[in-house]
Amino acid sequence: MLDTKLATSLSHKLFRAEQVREHEQAAAEQSGCDLATLMERAGASVFRQCQSLLPNTHVYLVMVGQGNNAGDGYIAALKAKEAGKQVHVCAVEPHRILEGDAGRAQKRWLDAGGKIEVFDKGLLDKAGLVVDAMLGTGITSYIRNEFADIIDAINAHTIPVVSIDVPSGLDANTGQSLGRCIEADVTVTFVGIKPGLSTGAGKQSCGKLVYDDLGIGKAFSELARSSASLLDIEQFRGMGPRAVHSHKGTYGRLLCVGGNKGTAGAIRLSSEAALRSGAGMVRVYTHEASTIQVSAGRPELMVTDENLEDALSWATCVVIGPGLGQDDWAETVFQTVMKHCQTHPKPMVLDADALNLLSRQATAYTINDCILTPHAGEAARLLGVSVDDVEAERFNYARQCAQRYHATCVLKGAGTIIDNERSTWVSKHGNPGMATAGSGDVLSGILGALLAQGLSRDIAAKYGVTVHAKAGDDLADLYGQRGMIASDLFDAVRVLINQ
């Protein structure tokens with residue numbers, strides 16, 4: 001049976017910023033060093049990434065703030081200067097003397113003959129690379145105008161940016177932009193990966209994410225408690241070989257419900273994805289106007305527009321929602337499915353319009369074994385909040401959705417979040433090419449197929465999301481992101497399911 005491997009590596013764990021601040025000193029001491037040593041290692045790590053990104057760049061612009069993030073920046077500037085680079089260090093308050101380890105790093109820069117300048121946009125044209133060391137993980141309120149103006153200037157330029165720990169202006173825990181946020185090409189984060197770098201706008205803002213535990217990872221992992229885990233395909237053992245004496249009934253009877261008049265494509269994508277993901281038998285209940293479109297060219301699908309109760313009794317698992325609509329037909333179908341599955345419990349996947357209908361009738365049904373797959377708009381309706389609220393705090397609202405409906409919530413988007421009321425996971429895979437019509441319908445079919453084959457709700461959600469996202473990445477690597485369509489995913493999913 002498929003299961004996840006033990007992911008003990010810190011590179012698969014997410015830690016809130018306050019967890020890192022609270023435990024890094026003790027972890028350093030247990031590892032035989034101090035915070036000043038960590039700052040030295042962090043600055044050196046940043047310079048290595050700069051060299052890796054643009055080895056032939058001679059002119060560096062290092063933007064520093066006033067905290068330990070600035071200290072890392074001063075060390076990176078020193079390393080660049082020692083390597084023969086021309087380095088400009090700029091600060092909002094260039095004459096301000098910093099305290100503590102950051103102050104000592106600042107003094108070392110000045111003692112080495114370095115200067116601290118007022119930022120000038122002209123420096124962006126002279127430099128080949130920006131090191132962003134302005135605002136670290138401690139910022140939780142909207143940034144000052146002086147920083148906002150600098151961030152705007154950097155983002156408007158084409159110059160590559162390497163951010164230290166988090167892009168300046170990003171909330172490290174939520175991924176929310178605090179008024180303005182650096183759009184980095186590379187973010188080098190330390191000690192523990194922050195949740196805000198893994199999902200939503202934060203995933204975009206950080207660019208390529210590089211993690212360095214600064215040599216204290218083992219001690220830190222024993223002190224701190226992670227808030228979530230990252231998922232990638234390498235963490236899964238796979239589903240294993242099928243028994244020689246098995247038959248189609250061994251691998252589940254999945255009913256896919258949806259495809260109102262004019263939206264047959266959605267339930268066709270979902271049901272065909274289920275076949276390609278290994279479901280033994282797939283039946284589709286759809287609107288009478290959609291039967292021909294759903295069944296055309298795919299005789300393996302059993303398609304009907306009659307006897308929904310019989311189809312539900314036949315099924316061991318149900319997917320409802322793709323192309324369902326919200327008219328009278330949809331309402332009647334939704335109520336029939338929900339009432340049946342309350343009386344005869346079986347695993348369910350609720351997607352698309354089934355979520356919108358559920359949001360209006362949440363108190364009418366008790367769901368025991370269900371995966372919900374909302375995007376931000378659907379999650380907002382399920383919880384009675386705004387889309388902006390959801391996108392600003394994706395982790396919070398994924399948990400709220402799971403708790404309110406006692407289900408496993410798959411909050412789709414950049415860095416899809418999976419929450420089961422107790423634990424949280426985030427997909428490392430996925431790309432903007434998957435932002436295309438029908439991609440979510442394919443995911444619902446994959447999830448339904450995995451449930452039908454006997455996987456537990458949480459394992460099905462984690463594995464299904466991972467396979468779906470990795471399939472998109474594999475296609476993007478082969479053909480590029482633009483032009484990807486949902487049905488392209490079928491073959492890529494099949495390859496991954498069989499690995």
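The following dialogue examines helix packing, a salt bridge and confidence in a predicted model.

Student: What is the mean pLDDT of the chain, and which stretch falls below 50?

Tutor: The mean pLDDT of the chain is 95, and 98% of its residues reach 70 or more. Residues 1–8 have pLDDT below 50, and this stretch has 24 contacts in the model beyond near neighbours in sequence. Where pLDDT is low, the predicted coordinates should not be read in detail.

Student: Why is α17 called roughly parallel to α19?

Tutor: The axes of helix α17 (residues 439–452) and helix α19 (residues 489–497) cross at roughly 30° and come within 12 Å. Angles under 35 degrees count as roughly parallel, so this description applies to α17 and α19. The crossing is right-handed.

Student: Which residues make the contact of α17 with α19, and how do they divide by class?

Tutor: From α17, S439, V442, I446 and L450 take part; from α19, their partners are L489, F490, V493 and I497. Seven of the residues in this contact are nonpolar, one is polar and none is charged.

Student: Why are α17 and α18 described as oblique to each other?

Tutor: α17 and helix α18 (residues 457–479) pack at about 140°, with their axes 9 Å apart. Roughly antiparallel requires an angle over 145 degrees, and roughly perpendicular covers 65 to 115. The angle of about 140° meets neither condition, and α17 and α18 are therefore oblique. Their crossing is right-handed.

Student: What makes up the contact of α17 with α18?

Tutor: S439, V442, L443, I446, L447, L450 and L451 in α17 meet residues of α18 that include R457, Y463 and H468. By class, the contact of α17 with α18 has ten nonpolar, three polar and one charged residues.

Student: How do you know that K79 and E40 form a salt bridge?

Tutor: The N to O distance between the side chains of K79 and E40 is 2.9 Å, and the cut-off is 4 Å, so the pair qualifies. K79 lies in helix α3 (residues 68–82) and E40 in helix α2 (residues 35–53), so the salt bridge ties together parts 39 residues apart in sequence. By this rule the count comes to 22 salt bridges.

Technical notes
Residues are numbered from 1 along each chain as its sequence is written. This is a predicted model: local features need pLDDT of at least 70, side-chain atom pairs count only at pLDDT 80 or more; totals for chains, interfaces and linings use all residues. Side-chain values use heavy atoms; hydrogens and water are left out. Axes are lines fitted to C-alpha atoms, for helices over the stretch in contact, and angles run from 0 to 180 degrees between N-to-C directions. Helices (H or I, at least four residues) and strands (E, at least two) are DSSP runs, numbered from the N terminus. A crossing is left-handed if the near helix is turned anticlockwise from the far one by less than a right angle, and right-handed if clockwise. Contact means heavy atoms within 4.5 Å. Ala, Val, Leu, Ile, Met, Phe, Trp, Tyr, Cys and Pro count as nonpolar, Asp, Glu, Lys and Arg as charged, and the others, Gly among them, as polar. pLDDT is the predictor's confidence in each residue, from 0 to 100.
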